[in-house]
Structure formats: structure tokens, C-alpha cells
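These are my notes from going through one model, chain and ligand together. I kept the entries in the order in which I looked things up.

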Amino acid sequence: METMDIMKAMRARHSVRAYQDRPIEREAVDALESYIAQLNEESGLNIQLTLNEPTAFTGPLAHYGSFKNCSNYVAICAANGRDEEIGYFGEKLVLYAQQIGLHTCWVALTCNKRNVRHCCRKGEKLQIVISIGYGVHGGVPHKNKPLERQCSFEGETMPEWFAAAMKAVRMAPTATNQQRFHFALLEGDRVKARHLLGPCAKIDLGIAKYHFELGAGEHPFEWV
Ligand SMILES: Cc1cc2nc3c(=O)[nH]c(=O)nc-3n(C[C@H](O)[C@H](O)[C@H](O)COP(=O)(O)O)c2cc1C
């Protein structure tokens, strides 16, 4: 199985809601399962893959969200208050799926939550779903808000590493493409990332922070 470079996968990733009517190949399923086990171990979240189960993506809401042929998805169960981690670790999975030739879409609303197969531990609830499969096509890039509204820095010119990190942030998926976050570069390469008000804004921030880290590459910086 070929694995795409992660930065290339980030550039290629767009939300995909229409899928080919074919099961995910065995090798890819095994790779997803073992990556999910690793993420669960690392995060303490409860991420579960369901295959060949179309009913979560049928009905009016899925139709409203333009989902077609979606019968594979990931359910993320967690206690309340873990939104940022859900975004961060969920996006790790999204980019990994892209690396192995799959397409995805984060789904907070437009699926039939009652039919989403999941198994919560005590204190957890189903927080969000990610659809997954082979897209009919790879999706299209989203529009971005002006960079100057998304970040700030001290000094005359934006440091190259910070520009690269923000470029990666701007490729991140956000609920309704709201991009309600702000990254401030402070003295001593400290970065303060915050979310503004909006549905799923904390999950979005976790996603964007993972993109930021990938974009910053080897450059050492500190989250504050
Ligand atoms: C936390 C979150 C929740 C989302 N919920 C939905 C949803 O319920 N239905 C849907 O069709 N898309 C949903 N999306 C996908 C966004 O609409 C999409 O990421 C955004 O428009 C940017 O497009 P892109 O992912 O192609 O870059 C969600 C995205 C995120 C990050």
C-alpha cells in the first residue's frame, strides 16, 4: 500500500461527501485499525471504525449534507470538555486516511446520529463522526478568510516558519468553513492559539493546531 507524504496529503485533503460504492480494501482497513488503536492509546479518546453500515448516512439530514453512498465512518466518543483533543487526534486520522488513498469528511450535524454505531464507556458520549471511503472525486479547496484576520506577530515581517505554519492552518477543515481561530506569535517563538465563538470552534482549534505543528516542521516553538 502506498503512503503519501503527509504535507502532500494535507494539500490534497478536502471534504468528500460522495463516495464510490466499493468497500475499503483489507490492507487499508488493517492500517486504519492499527492507527486508530495507536491514537486511542495516545489520547485516551475512544475512536471506533464502522464499515459497511449505510444507515447513519441515510435520511433527511444526510441528504441535506449531500452525502452519497457513505457506509463507512469513524465515531469519536469522549467525555465532554475534550473538544480540542478530539480535533487534534481526529485530524491525525483524517490526514492518515488521505495518505493511504482514502477521503473523509468531519460530520457534526448532517448524519443520522441515532444510527451511528458506537460504544461509549462510562462518562463518554458520541461527540462527532468522520465519514470515510473512496471519493467519487477528491473535493475542492475551500475559501479562506484574510490571513491578517487569522494571525498576528510582532515585528516588521512574518517569520518564514510562522508563514509556513499558517499556510498549513489555512488548509484545515472547520465546521461550516468558519475558521474561527486566531494564532498570535509572541516573543521567544511562543504561540498563543485561541478560538472565537462558533459551533465546534474548539474542535476546529484542535484541528488547526495539528496543521500548525505540521507546517512549522522542525522549527521549535512553544504553545502558550
Ligand atoms: C468540526 C467539523 C464539523 C463538520 N460538520 C459537518 C457536517 O455536519 N456536515 C458536512 O457536510 N460537513 C461538515 N464539516 C465539513 C466542513 O463543512 C468543511 O470542513 C469546510 O467547509 C471546509 O472544507 P474542506 O474540508 O473541504 O476544506 C465539518 C467540519 C468540521 C471540522
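Entry 1. Which residue in β4 is the bridge partner of isoleucine 76? I looked it up in the model, which is a predicted one, and found isoleucine 128. I then checked the strands around this pair. Strand β2 covers residues 73-78 and strand β4 covers residues 125-133, and I find 6 bridges between them in the antiparallel sense.

Entry 2. I traced the rest of that sheet. It is an open sheet of 4 strands with antiparallel pairing, and I read the order as β1-β2-β4-β3. At its edges I have β1 (46-50) and β3, each of which pairs on one side only. For the twist I noted that neighbouring strands are turned by 20° against each other on average, with direction ignored.

Entry 3. I went on to the other sheet. It is also open and has 4 strands, ordered β5-β6-β7-β8, but here the pairing is mixed. The edge strands are β5 (151-153) and β8 (222-223), and each pairs on one side only. I followed β5 to its neighbour: β5 and β6 (residues 181-186) run parallel and are joined by 3 bridges. For cysteine 151 I looked up the bridge partner in β6 and noted phenylalanine 183.

Entry 4. What lies across β6 and β7? I found helix α7, residues 201-216, and its direction is at about 150° to that of β7 (190-195).

Entry 5. I took the overall counts and dimensions. I list 7 helices and 8 strands for the chain. The radius of gyration is 17 Å, and the globule rule gives 17 Å for 224 residues, so I put the chain down as being as compact as a globular protein of that length. The C-alpha trace spans about 55 × 40 × 35 Å along its principal axes.

Entry 6. I turned to the domains. The domain assignment splits the chain into domain 1 (6-133) and domain 2 (147-223). I noted 24 Å between their C-alpha centres. How many residues of each domain are in contact with the other? I have 16 residues of domain 1 in contact with 15 residues of domain 2. On the domain 1 side, the elements that give two or more residues are α1 (6-12) and α4 (83-99). The largest share there is that of α4, with 8 residues. I sorted this side of domain 1 by class and got 8 nonpolar, 2 polar and 6 charged residues.

Entry 7. I looked at the ligand last. I have 21 residues around the ligand, and the closest are Ser15, Trp106, Leu109, Pro173 and Asn177. Two elements, β3 (103-107) and α7, give two or more residues to this shell. By class the shell has 10 nonpolar, 9 polar and 2 charged residues.

Entry 8. Why do I place the ligand between the domains? Both domain 1 and domain 2 give residues to the shell around the ligand, so I entered the ligand as lying between them. I also went back to two names in the shell that I had met before. In the sheets, β3 is an edge strand, and α7 is the helix across β6 and β7.

Key. Residues numbered from 1 in each chain as written. Predicted model: local features only at pLDDT ≥ 70, side-chain atom pairs only at ≥ 80, totals over all residues. Pairing = 2+ DSSP bridges. Contact = placed C-beta atoms within 7 Å. Axes fitted to C-alpha atoms, helices over the stretch in contact; angles between N-to-C directions. Near = placed C-beta within 6 Å. Nonpolar A, V, L, I, M, F, W, Y, C, P; charged D, E, K, R; others polar. Domains from an automatic or database assignment. Rg over C-alpha atoms; globule rule 2.2 N^0.38 Å.
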